[in-house]
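Trainee: Could you take me through one part of this model up close? I'd like to hear about the strands and how they pair, and then whatever pocket goes with them.

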Amino acid sequence: MLRRRPGTPTLEEVAALAGVGRGTVSRVINNAAGVKDTTRRAVQRAIAELGYVPNLAARTLAGRRADAVALVMTEPDWRQFGEPFFSEIVRSVGDALTETEVQLLLTLVRTDAERQRLVEYARGGRVDGVMLMSVHATDPLPDMLAEVGLPTVLLGRRSGDESVTYVDADNVGGARAAVAHLLDSGRRAIATITGPPDMYVAQCRLRGYREAMERAGVEARRSWTVQGDFSAESGYRAMAELVERAPEIDGVFAASDTMAVGALGALRAAGRRVPDDVAVIGFDDFPLAQHTDPKLTTVRQPLEDIGHTMVRLLLEEMEEPSTAWRHVIHRTELVLRDSA
């Protein structure tokens, strides 16, 4: 899906306003010789009037690329780097860049000062583009990078109205399919362990759960929903809480495989058999899903394809800046194993 970037001036617009060619604008930006003073002033006026940010474009036009892109994690907790989701994304992005001459830089951005430092680092020509993952709803970093004209691709999105280019999975549809499978197998007291409420991915998976319950005419009781943070520890705590306050539960949809793993541990500790007493479904299909006891039924999101798509969109944007944002949503697939 394409959406025009509001208020993002292009090199062609500068050239048109100044009444010169694209090459002349490039020479002015690079302070090259051979440009009349009157022409140089006309280009500079056009740049100022349009609010054009030339530093990144100038470097590209002059062939002075950094040949490096940044993969930025905006999660404040260092422990999240150890979660399978992030290692899988790093692997897939790295694989997609193998055949190029582009270096991958990994960085963590948690505070306003670190956001500003990254923007200044990028403006200084040290990277040609940025991929962001784990972006929360109120994070201004994508807009800050867009404002300085840096090619940027998000993994996921901050809201349903996201404008910046992103790559995502069908989180609503995947969650809906998981819960529908539990319902079709005869489960009726189905709980869910959600991710952080300020992350759109968590909101979408919760929505899919609610839609499936509503379509089946089954009430999704408030006591059946517990919040986690996508970690195994939070899945254990949430499941232990559910067992204590809602012992009637016979099915659980966890919004990530790592939380599902924690839920399996809590059910085992409580003496509840899986899937005999409680069926469990996760989301992601990490390799660990095949090594749990029992093996985990889960929703597969194609992380390799997602990482490759992120790289493709970023490289295309670096090569030829577009006037439109691009939004790509990959299909998900329910993978049936022993836990449900």
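**Strands and a pocket**

Mentor: Let's start with a pairing: strand 6 and strand 12 run parallel, with four bridges joining them. One pair to click on is Val 167, whose bridge partner in strand 12 is Val 328. Strand 12 covers residues 324-330 and is mostly covered, with five of its seven residues buried. Keep in mind that this is a predicted model.

Now hop over to strand 9, residues 251-254. Gly 251 and Phe 253 point one way from this strand, Val 252 and Ala 254 point the other way, and all of them are buried. That fits the general pattern: in a regular strand the side chains alternate between the two faces of the sheet. Strand 9 has parallel company in strand 7 (residues 190-194), and four bridges join these two. There, Ile 193 stands opposite Ala 254 of strand 9. Strand 9 also pairs with strand 10 (residues 279-284), again in the parallel sense, this time over three bridges. In that pairing Val 252 stands opposite Val 280 of strand 10.

So much for the pairings; on to the pocket. Strand 6 turns up again here, since the elements giving two or more residues to the lining of the second largest pocket are helix 5 (84-97), strand 6 (166-169) and helix 9 (200-215). Helix 9 gives the most, with three residues. The space in this pocket comes to about 450 Å³. It has 27 lining residues, and the closest to the centre are Phe 85, Phe 86, Met 199, Val 201 and Phe 230. Sorted by character, the lining holds 13 nonpolar, seven polar and seven charged residues.

For the wider setting, the chain has twelve helices and 13 strands, and its C-alpha trace spans about 80 × 35 × 35 Å along the principal axes. Of the 340 residues, 52% are buried. Take the contacts between residues at least 6 apart in sequence: 73% of them join residues at least 24 apart.

Before you set anything up from these coordinates, check the confidence. The average pLDDT of the chain is 89, and 90% of the residues score at least 70. The stretch to watch is residues 57-62, where the pLDDT is below 50, although in the model this stretch has 15 contacts beyond near neighbours in sequence. Where pLDDT is low, the predicted coordinates should not be read in detail.

Definitions and conventions
Residues are numbered from 1 along each chain as its sequence is written. Side-chain values use heavy atoms; hydrogens and water are left out. pLDDT is the predictor's confidence in each residue, from 0 to 100. Contact means heavy atoms within 4.5 Å. On a 1 Å grid over the protein atoms alone, a cavity is a set of points where a 1.4 Å probe fits but cannot get out, and a pocket is an open set with protein on both sides within 12 Å along at least five of seven lines; lining residues have an atom within 4 Å of a point. Grid points are joined across faces, edges and corners, and a volume is the space filled by probe spheres set on the points. Ala, Val, Leu, Ile, Met, Phe, Trp, Tyr, Cys and Pro count as nonpolar, Asp, Glu, Lys and Arg as charged, and the others, Gly among them, as polar. Buried means under 20% relative accessible area, exposed over 50%, partly exposed in between (1.4 Å probe, protein chains only). Two strands pair if DSSP finds at least two bridges between them.
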